[in-house]
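The following exercises treat strand pairing, burial and helix packing. Each task is followed by a solution in steps.

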Amino acid sequence: MPRADLPRIRVGFPWWLRPFVMRGVDGITIGRRIYVVRHDEILLRHEIAHVQQIARAGFIRFYWTYVIEYFRNRRRGMSRHDAYRNISFEREAVAAEKRGIDI
Ligand SMILES: [Zn+2]
């Protein structure tokens, strides 16, 4: 039986999530569930960092902060890509891609 405290990883996005997936998105994490377009160690490190952030910040606060920071960055004149890359959770997850993660 899978441990409840470990992330669940699935390749491919579920049908109900597909309408919300923007072009170029390689992975989405919802709580402890990770959806990726391919098995890739760097991508999984990134998404696992999000799982840890969600556990640390709490589900609601994580997504709330994520969206607020995105729109704040857009208001400051950043492109969509830059606004996304400059979300604090994204910067931390990108750093984790290189560093590796202890789980
Ligand atoms: Zn991310």
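Two strands are said to pair if DSSP finds at least two bridges between them. Helices (H or I, at least four residues) and strands (E, at least two) are DSSP runs, numbered from the N terminus. The model is predicted: local features need pLDDT of at least 70, side-chain atom pairs count only at pLDDT 80 or more, and totals for chains, interfaces and linings use all residues. Residues are numbered from 1 along each chain as its sequence is written.

**Exercise 1. The sheet**

Determine the order of the strands in the open sheet and identify its edge strands.

Solution.
Step 1. The open sheet has three strands in the order β1-β3-β2, and its pairing is mixed.
Step 2. Strands β1 (8–11) and β2 (27–30) each pair on one side only, and these are the edge strands.
Step 3. From one strand to the next, the twist averages 15°.
Step 4. β1 and β3 (residues 33–36) run parallel and are joined by four bridges. In this pair, Arg-8 stands opposite Arg-33 of β3.
Step 5. β2 and β3 are antiparallel, again over four bridges. Here Ile-30 is the residue opposite Arg-33 in β3.
Step 6. β2 and β3 form a hairpin with two residues between them, and Gly-31 in the turn has a positive phi of about 60°.

As background, strands of a sheet pair through backbone hydrogen bonds, either parallel or antiparallel.

**Exercise 2. The two faces of β2**

Which residues of β2 lie on its covered face, and which on its uncovered one?

Solution.
Step 1. In a regular strand the side chains alternate between the two faces of the sheet.
Step 2. In β2, Gly-27 and Thr-29 make up the covered face, while Ile-28 and Ile-30 make up the uncovered one.
Step 3. The burial classes rest on C-beta atoms placed from the backbone: a residue is buried if 20 or more other C-beta atoms lie within 10 Å of its own, exposed if 12 or fewer, and partly exposed in between.
Step 4. Thr-29 counts as buried because it has 22 C-beta neighbours inside 10 Å. Ile-28 has 18 such neighbours and therefore counts as partly exposed.
Step 5. Two residues are in contact if their C-beta atoms, placed from the backbone, lie within 7 Å. Leaving aside neighbours within four places in sequence, Thr-29 is in contact with Ile-34, Glu-47, His-50, Val-51 and Ile-54. With residues up to four places away likewise not counted, Ile-28 touches Phe-13, Leu-17, Val-21 and Tyr-35.
Step 6. Thr-29 and Ile-48, 19 residues apart in sequence, are 8.1 Å apart from C-alpha to C-alpha.

**Exercise 3. Helix α1 on the sheet and against α2**

Describe how α1 packs on the sheet and how it packs with α2.

Solution.
Step 1. α1 packs on the sheet and touches β1, β2 and β3; its direction makes about 20° with that of β2. For such values, axes are lines fitted to C-alpha atoms, for helices over the stretch in contact, and angles run from 0 to 180 degrees between N-to-C directions.
Step 2. α1 (residues 41–57) and α2 (residues 59–75) pack at an angle of about 115°, with their axes 6 Å apart.
Step 3. α1 is therefore roughly perpendicular to α2. Angles of 65 to 115 degrees fall in that class; those under 35 count as roughly parallel, those over 145 as roughly antiparallel and the rest as oblique.
Step 4. On the α1 side the contact is made by Gln-53, Ile-54 and Ala-57, and on the α2 side by Phe-59, Arg-61, Phe-62 and Thr-65.

**Exercise 4. Helix α1 against α4**

At what angle do α1 and α4 pack, and which residues meet?

Solution.
Step 1. The angle between α1 and α4 (residues 88–99) is about 135°, and their axes are 8 Å apart.
Step 2. The two helices, α1 and α4, are therefore oblique to each other.
Step 3. Ile-42, Arg-45, His-46, Ala-49, His-50 and Gln-53 of α1 meet Phe-89, Glu-92, Ala-93, Val-94, Ala-96 and Glu-97 of α4.
Step 4. The contact of α1 with α4 has six nonpolar, three polar and three charged residues. In this division Ala, Val, Leu, Ile, Met, Phe, Trp, Tyr, Cys and Pro count as nonpolar, Asp, Glu, Lys and Arg as charged, and the others, Gly among them, as polar.
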